[in-house]
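Colleague: I should like to go through this model with you, beginning with one of its helices. Could you bring it up?

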Amino acid sequence: MDNEMIEYQEQLGQVIRQQREKLGLSQPEAAEKLGMSRTSYAYYELGKICPDALTLRKMAEVLETDVSALAYPENKPA
C-alpha cells in the first residue's frame, strides 16, 4: 500500500473517531449500530482498513454526518 493511501485511511479513521466521540458513542455502541464487531470498527478508526461504499454510507448515517465529510477528510474545516 502506498503512503498516500495509508495517510488517507488514517485521516478517515480520525474523522470517524471524532464524529463518534462528538455524539457521545462508545466504540461498542457504534459497532453495534453498524452491525459489526467492536474489533472491526476499531480497525476503521485506527486506519487499518478502509470502508467500502456501503459501509461508508451506513457510517455516515449512524454518525449523523454526510458521506462526503467522511470520504474527504482533507476537506474538513479546521
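Modeller: We can discuss a few residues in turn, bearing in mind that this is a predicted model.

Colleague: Where does Gln9 lie, and is Gln9 buried or exposed?

Modeller: Gln9 lies in helix α1. Its relative accessible area is 5%, which is under 20%, so Gln9 counts as buried.

Colleague: Which residues is Gln9 in contact with, leaving aside its neighbours within four places in sequence?

Modeller: With those neighbours set aside, Gln9 is in contact with Met1, Gly47, Lys48, Ile49 and Cys50.

Colleague: And what about Glu10, in terms of relative accessible area?

Modeller: Glu10 also has its place in helix α1, which covers residues 3–22. Glu10 is partly exposed, at a relative accessible area of 41%.

Colleague: Which residues gather with Glu10 in a patch of negative charge?

Modeller: Asp2, Glu4 and Glu7 join Glu10 in that patch on the surface.

Colleague: Turning to Arg20, is that residue buried or exposed?

Modeller: Arg20, in helix α1, is buried, with a relative accessible area of 8%. Apart from neighbours within four places in sequence, its contacts include Leu25, Tyr41, Glu45 and Leu63.

Colleague: Another topic: which helix holds Ala42?

Modeller: Ala42 lies in helix α3, residues 38–46. Ala42 is buried, its relative accessible area being 9%.

Colleague: How many residues apart in sequence are Ala42 and Tyr8, and what separates them in space?

Modeller: They are 34 residues apart in sequence, and their C-alpha atoms are 16 Å apart in space.

Conventions. Residues numbered from 1 in each chain as written. Predicted model: local features only at pLDDT ≥ 70, side-chain atom pairs only at ≥ 80, totals over all residues. Heavy atoms only, no water. Patch = residues over 30% accessible without salt bridge, like charges linked within 9 Å, V, L, I, M, F, W, Y side chains within 5 Å. Areas by Shrake-Rupley, 256 points an atom, 1.4 Å probe, with all protein chains shown as cover. Salt bridge = Lys/Arg side-chain N within 4 Å of Asp/Glu carboxyl O. Lys, Arg positive; Asp, Glu negative; His and termini not counted. Charge placed at Lys NZ, Arg CZ, Asp CG, Glu CD. Helix = DSSP H or I, 4+ residues; strand = E, 2+ residues; numbered from the N terminus. Buried < 20%, exposed > 50% of the residue type's maximum accessible area, 1.4 Å probe, protein only. Contact = heavy atoms within 4.5 Å.
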